Amino acid sequence: MTQPAVPAPPDVAVVGAGAVGATIAYTALVRGSARRVALHDIDRGKLEAEVLDISHGLSFTPMGSIEGSDDVEVCRGARVVVVTAGAKQKPGQTRMDLAASTVALTRSIMPRLLEVAPDAVYVMVTNPVDVVTTAALRLTGLPPQQLFGSGTVLDSSRLRHAIATRVGVAVQNVHAYVVGEHGDTEFPLWSSASLGGVPIRDWSRMHGGALDEQARAQIADEVVNAAYRIIAGKGATNYAVALACCQIVESVLRDERRVLPVSTMLEGEYGVDGVCLSVPTVVGAGGAIERLSVPMSDAEQEQLRRSASSIRATAEQVGV
Ligand SMILES: NC(=O)c1ccc[n+]([C@@H]2O[C@H](COP(=O)([O-])OP(=O)(O)OC[C@H]3O[C@@H](n4cnc5c(N)ncnc54)[C@H](O)[C@@H]3O)[C@@H](O)[C@H]2O)c1
């Protein structure tokens with residue numbers, strides 16, 4: 001007689017089953033990013049409902065399973081842990097306003113997670129993600145490759161979408177990164193952005209000023225304010241961030257070595273030291289393996305340092 005399958009450790013454990021965490025778990029199963037997904041939240045009623053709802057769709061997804069619990073044990077042995085636990089950003093509230101409560105939460109959950117999944121690659125998503133990642137690294141003492149933030153992976157996808165829709169090319173052929181803080185001081189790296197191999201500034205010249213300085217400023221503004229707009233309309237952002245996180249998870253689980261702007265602890269690059277922020281980074285089985293030295297104009301380097309100062313100021317205010 002067939003016996004029930006013996007539970008194996010999860011490929012990915014998602015901590016927090018709110019709008020973001022539940023959608024990451026769902027997306028990971030729909031995309032086949034992970035075979036076994038664990039979901040953990042302290043709100044048992046919400047957690048059980050999310051797990052049931054996702055489970056009922058498993059006959060339509062690639063082979064996969066989901067297990068949920070309000071006990072952190074459900075994360076034991078996970079290869080990747082994605083941390084989304086925290087309070088939701090309220091309309092009008094900046095990500096930095098959330099800092100104090102989220103850092104306190106991070107301090108309480110990380111030691112317990114490390115006990116059950118000491119070898120996992122940790123992807124921090126909770127905002128303000130750069131401060132939370134800096135705090136989690138200092139607290140855990142994990143190697144900086146093993147713990148990083150989802151950073152501006154989502155924002156870079158928003159940027160690519162904004163450029164692609166304006167010029168009428170496929171979003172997949174736009175190469176452009178948003179760097180710095182995941183938040184108000186982030187900015188696009190226009191000097192290295194390209195469309196099908198054509199630098200954006202050359203494209204603009206060849207297309208009668210499309211993507212000129214004014215259009216680029218408008219796009220940058222749309223990207224920085226995208227989350228506020230979505231939160232004002234529906235209370236949370238969940239779909240695109242879940243896809244961005246699943247891309248990170250896949251790159252780790254399959255050692256894909258994608259170049260993704262995740263948030264890592266800089267060590268003097270671009271004149272920034274001792275604070276986490278996003279620059280293009282190779283992500284694979286070892287985590288955030290290598291930060292790339294992307295050419296930046298003097299103005300972009302200055303913007304990056306300003307972004308770092310903003311993150312550092314908030315980190316210091318909340319005792320990180
Ligand atoms: N980095 C990004 O790109 C990005 C994008 C969107 C949202 N976020 C952030 O993700 C976080 C989650 O957003 P959301 O919309 O899912 O919020 P939410 O309020 O819907 O969900 C948060 C969940 O965390 C749970 N939780 C609280 N304390 C916990 C604990 N100690 N252990 C386990 N679970 C706990 C809550 O019960 C809740 O279900 C927020 O900080 C938000 O700002 C980040």
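UniProt positions are given here in the numbering of this chain, and such annotations may be inferred rather than shown by experiment. With that in mind, a good place to enter this predicted model is the "binding site" feature, which the unreviewed UniProt entry places at Arg160 and His175. Although the two annotated positions are spread over 16 residues of sequence, they cluster in space, with a largest C-alpha distance of 7.1 Å.

The two residues sit in separate elements. Arg160 belongs to helix H5, which covers residues 153–167, while His175 is part of strand S7, made up of residues 174–175. Leaving out residues up to four places away in sequence, Arg160 is in contact with Val171, Val174, Ala176 and Tyr177. For His175, counted in the same manner, the contacts are Ser192, Ala193 and Ser194. His175 has a relative accessible area of 43%, and because this value falls between the limits of 20% for buried and 50% for exposed, the residue is classed as partly exposed.

Ahead of helix H5 comes a loop that links it to strand S6 (147–149), and this loop holds Ser150. The relative accessible area of Ser150 is 10%, so the residue counts as buried, the cut-off being under 20%. Its surroundings can be described through its contacts: beyond the neighbours within four places in sequence, Ser150 touches Val123, Met124, Val125 and Val129, as well as Cys245, Ile248, Pro261 and Val262.

Turning to the strands, an open sheet is built from 3 strands in the order S12-S15-S16, and the pairing is antiparallel. Strand S12 (258–260) and strand S16 (287–291) each have a single partner strand and stand at the edges, so one side of each lacks a neighbour in the sheet. On average, neighbouring strands of this sheet are turned by 40° against each other, direction ignored. S12 is joined to strand S15 (residues 281–284) by 3 bridges, and the two run antiparallel. Within this pairing, Val259 stands opposite Val282 of S15.

A parallel arrangement is found elsewhere in the chain, where strand S2 (residues 36–40) is connected to strand S3 (residues 65–69) by 5 bridges. Here Leu39 faces Gly68 in S3, the two standing opposite each other. Together with helix H2 (residues 44–55), strands S2 and S3 form a β-α-β unit, and this unit is right-handed.

Methods
Residues numbered from 1 in each chain as written. Predicted model: local features only at pLDDT ≥ 70, side-chain atom pairs only at ≥ 80, totals over all residues. Heavy atoms only, no water. Pairing = 2+ DSSP bridges. Helix = DSSP H or I, 4+ residues; strand = E, 2+ residues; numbered from the N terminus. Axes fitted to C-alpha atoms, helices over the stretch in contact; angles between N-to-C directions. Contact = heavy atoms within 4.5 Å. Buried < 20%, exposed > 50% of the residue type's maximum accessible area, 1.4 Å probe, protein only. Right-handed = clockwise from strand over helix to strand, strands pointing away.
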